[in-house]
Amino acid sequence: MSYVLQGLWHERRRYLPATCAVAFSALLVALQCGMLLGTFSMVSIPVDHSTADLWVTCPDVVSVDVSRPIPLRWRARLSLPEIDRIEPYLQAFGIWHKPDGAAELAIVIGSRLGEDSLGAVSQLTPELRTRLAEPGTVVVDAADLKRLGIKGVGATAEINGRKVRVAGLVAGLKGLAGPYVFCSLETARGILAMNPAQTTFLLARHRREISPEENVPRWAFEDMSVFTREGFSTRSRMHWLLETGGGLSLLAAAVLGLLVGALITSQTLYAAAAASMKEFAVLRAMGIPRWRLATTVLAQSFWVGMAGLCLAAACLPFLARVIADRGANLMLPAWLLGGTACLTLLMTVASGLFALRSLRLANPVGLLK
Amino acid sequence: MLEPVVLNSEGIGQVFAEGVQSTTVFSDVSLRVRRGEFCLLMGVSGSGKSTLLAILSGLLRPTSGQVSVLGSDLWRLTEPEREEFRRKHFGFVFQGHNLFPALTAREQLEIVLRWGEGMPAAVARTRSDQVLAALGLAHRADRRPTELSGGEKQRVAIGRALVKRPAFCFADEPTRALDSKNADLVVRLFRETARRLRSTVLVITHDERMIPHVDRVFAIRDGRLHEWSRTAPAPAALRVRSCVDRSPLAPQVDQPCSEST
């Protein structure tokens, strides 16, 4: 075992606060960012669960839920050899009137219902699509029932004064700004009172041999925006992340956790290094270079970071389960966990760099009494 | 045949300034030490012997004068050069052991060889074991400082200073707080080292028991360095009493020191 690891193990009680601080920071960053991802992935559900390659709408649309109507005749602009199919898609906010008289903002989504529909979410099974073909029927997420003030399939309510009946339930499509209400184009058009010559989006599927990104710049119409599915999804999430206080406050909490972790780690490493000053001073007297001692302190910080990450990894599944049980949408993709680990290690090594100032105390002359 | 002079200081002076006040610790100190000599530096507390040792060992820059070690003017070297010089030629034993609590006796020595000399682990281990055996600590090589007695810890500290076979070993009160048996052993170790490795040993001490075993005794008094010739009566500067009759090493002394006045 290296001298550094021996030192850490021998004085493990001294290093425990720093290890816990690192674990705390890593968990805070991972869980906050995971919740952030989970929360804002709800915004882009209609985009992520569609099969369209391109989303066409009016200019400067910042998010899928804040578009304005566009003319249906823009289909002609997309009549290009590389476009396979084009279809309209409606999405707009509506006022859901609960049976008890209360109101709730809901996001009405109208799409074609065919098996090859570009806009219908994948959770809409053929059976549900058949039910939605009946005018005035809608499908909602089971997790939103309470929010909508209804008990389940068969319940009725009003959206923008139009009576609707819940024909089925889906799972995993809970909305953020409001519950999603899925229906046919015709039902949506009625609820949203939209001009038949208009739509909110035009969805297109590219011929497979051409990448959607390749051709997006070709449609450089001043009054029209074209986004790839991935691009529009990211754009929608980033809008919510950057433009709403919620996202920033979650991020701020994660950064704060990181800073607190850095402070505790740095102070612990400083105190630990300062406690070894006499031993370091002897080595300095004997000509052992300062960089060698600095490497020791940095190696200590690295291993404290690794120990903290191991502790965090052990706690993460339990905490993730607690959060999920409480209904929060948590996403912990591998890149987030890897990024958190790198960030946390970087933080501990930076703390080690800060603790290096303690080596100035290693003055051999001070040992001569 | 006389051994060559390996340490030569000329006109060393040290003044500590604090605000407008300044204190002259000593001035115009010159001494020449030959290779393999075992020297004591004595004096009352505050006389400046630690300061002189720090200057001679390249740890503290003197206000005036020069220190030549092995032909190099120590205080004309750059800081990295002086650090490298200390790494190559100097070993130190300070008061209080200063051993790493997490490391075994063997590792306390190994760390000097591996970090300082870049020695491979196996070679460093062999060398460390040899030195520990010479110190009578072969059976304690795997013990940490908390498992060692005060005498054993001091021997490990000495081993750490000697393991790289330095040309010079500087020690500050190495027998302090040791019983007679351990003090005797420490003195013998320094004596043997000086002879076997041809190392020059310079020890600060108040311990009169060491006097009979050394080659030369220096003392600082009133800012001046005095040397006590072993063939002459001890100078008052030493302010030490004869210890020969009380020292277990007394029979080895060829010239007993008398009561100084």
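Begin by selecting B:Arg165, which is found in the loop between H5 and strand E7 (168-172) of chain B. The model is predicted, and every value in this tour is computed from it. B:Arg165 has a positive phi of about 55° although it is not a glycine. As background, most residues other than glycine have a negative phi. With a relative accessible area of 47%, B:Arg165 is partly exposed.

**The end of H5 and its surroundings in chain B**

Next, select B:Leu162, a residue of helix H5 of chain B. Is B:Leu162 buried or exposed? Its relative accessible area is 8%, so B:Leu162 counts as buried, the cut-off being under 20%. Leaving aside residues up to four places away in sequence, B:Leu162 touches B:Cys169 and B:Thr193. To see a longer span of the chain, add B:Thr51 to the selection: 111 residues separate B:Thr51 and B:Leu162 along the chain, and their C-alpha atoms are separated by 22 Å.

**The cysteines**

From B:Leu162, move to its contact B:Cys169. How many disulfides does the structure hold over all chains? The number is zero. B:Cys169 is accordingly in no disulfide, and the nearest cysteine sulfur, that of B:Cys39, is 12 Å away. B:Cys169 is buried, at 1% relative accessibility.

Then go to chain A and select A:Cys33. A:Cys33 is also in no disulfide; here the nearest cysteine sulfur belongs to A:Cys342 and is 13 Å away. A:Cys33 has a relative accessible area of 16% and is buried.

**Chain B as a whole**

Now display the whole of chain B, which has six helices and ten strands. Buried residues make up 58% of its 261 residues. Among contacts in chain B between residues at least 6 apart in sequence, those joining residues at least 24 apart make up 66%. The surface that chain B exposes is about 11,400 Å², and carbon and sulfur atoms supply 47% of it.

**Chain A as a whole**

Turn to chain A, where twelve helices and eleven strands are present. The radius of gyration of chain A is 28 Å, well over the 21 Å that the globule rule gives for 369 residues, so chain A is more spread out than a compact globule. Along the principal axes, its C-alpha atoms fill a box of roughly 95 × 50 × 30 Å.

Of the 369 residues of chain A, 51% count as buried. Contacts between residues 24 or more positions apart account for 80% of those in chain A with a separation of 6 or more. The accessible surface of chain A is about 16,600 Å², and 62% of that surface belongs to carbon and sulfur atoms. Colouring by charge shows 36 positive and 27 negative side chains in chain A, with the centres of the two sets 12 Å apart.

**Helix H10 of chain A**

Select residues 277-285 of chain A, which form helix H10. How many of the nine residues of this helix are buried? Eight of them are, so H10 is largely enclosed by the rest of the structure. The buried residues include A:Phe280, A:Val282 and A:Leu283, and also A:Glu279 and A:Arg284.

What do the buried residues of H10(A) pack against? In chain A, their partners are helix H9 (245-275) and helix H11 (290-325). In chain B, the partners are helix H2 (79-89), strand E6 (90-93), helix H3 (105-116) and helix H5 (150-162). B:Leu162, visited earlier, lies in that same H5 of chain B. Just after H10(A), select A:Gly287, which takes a positive phi of about 85°.

**Two further stops in chain A**

Select A:Ala193, in the loop between helix H6 (185-192) and strand E9 (198-199) of chain A. Phi of A:Ala193 is near 50°, a positive value in a residue other than glycine. At 66% relative accessibility, A:Ala193 is exposed.

Finally, select A:Arg357 in the segment after helix H12 (334-355) of chain A. A:Arg357 is partly exposed, with a relative accessible area of 28%. Beyond residues up to four places away in sequence, A:Arg357 touches A:Gln267 and A:Tyr270. For the last view, add A:Asp84: the C-alpha atoms of A:Asp84 and A:Arg357 are separated by 65 Å, and the two residues are 273 residues apart along the chain.

How values were computed. Residues are numbered from 1 along each chain as its sequence is written. Chains are lettered from A and ligands numbered from 1 in the order in which they are written. This is a predicted model: local features need pLDDT of at least 70, side-chain atom pairs count only at pLDDT 80 or more; totals for chains, interfaces and linings use all residues. Side-chain values use heavy atoms; hydrogens and water are left out. Helices (H or I, at least four residues) and strands (E, at least two) are DSSP runs, numbered from the N terminus. The radius of gyration is taken over C-alpha atoms; the globule rule is 2.2 Å times the number of residues to the power 0.38. Buried means under 20% relative accessible area, exposed over 50%, partly exposed in between (1.4 Å probe, protein chains only). Contact means heavy atoms within 4.5 Å. Accessible areas come from the Shrake-Rupley method with a 1.4 Å probe; for residues, only the protein chains shown count as cover. Lys and Arg count as positive and Asp and Glu as negative; His and the chain ends are not counted. The place of a charge is taken as NZ of Lys, CZ of Arg, CG of Asp or CD of Glu. A disulfide is a pair of cysteine sulfur atoms within 2.5 Å.
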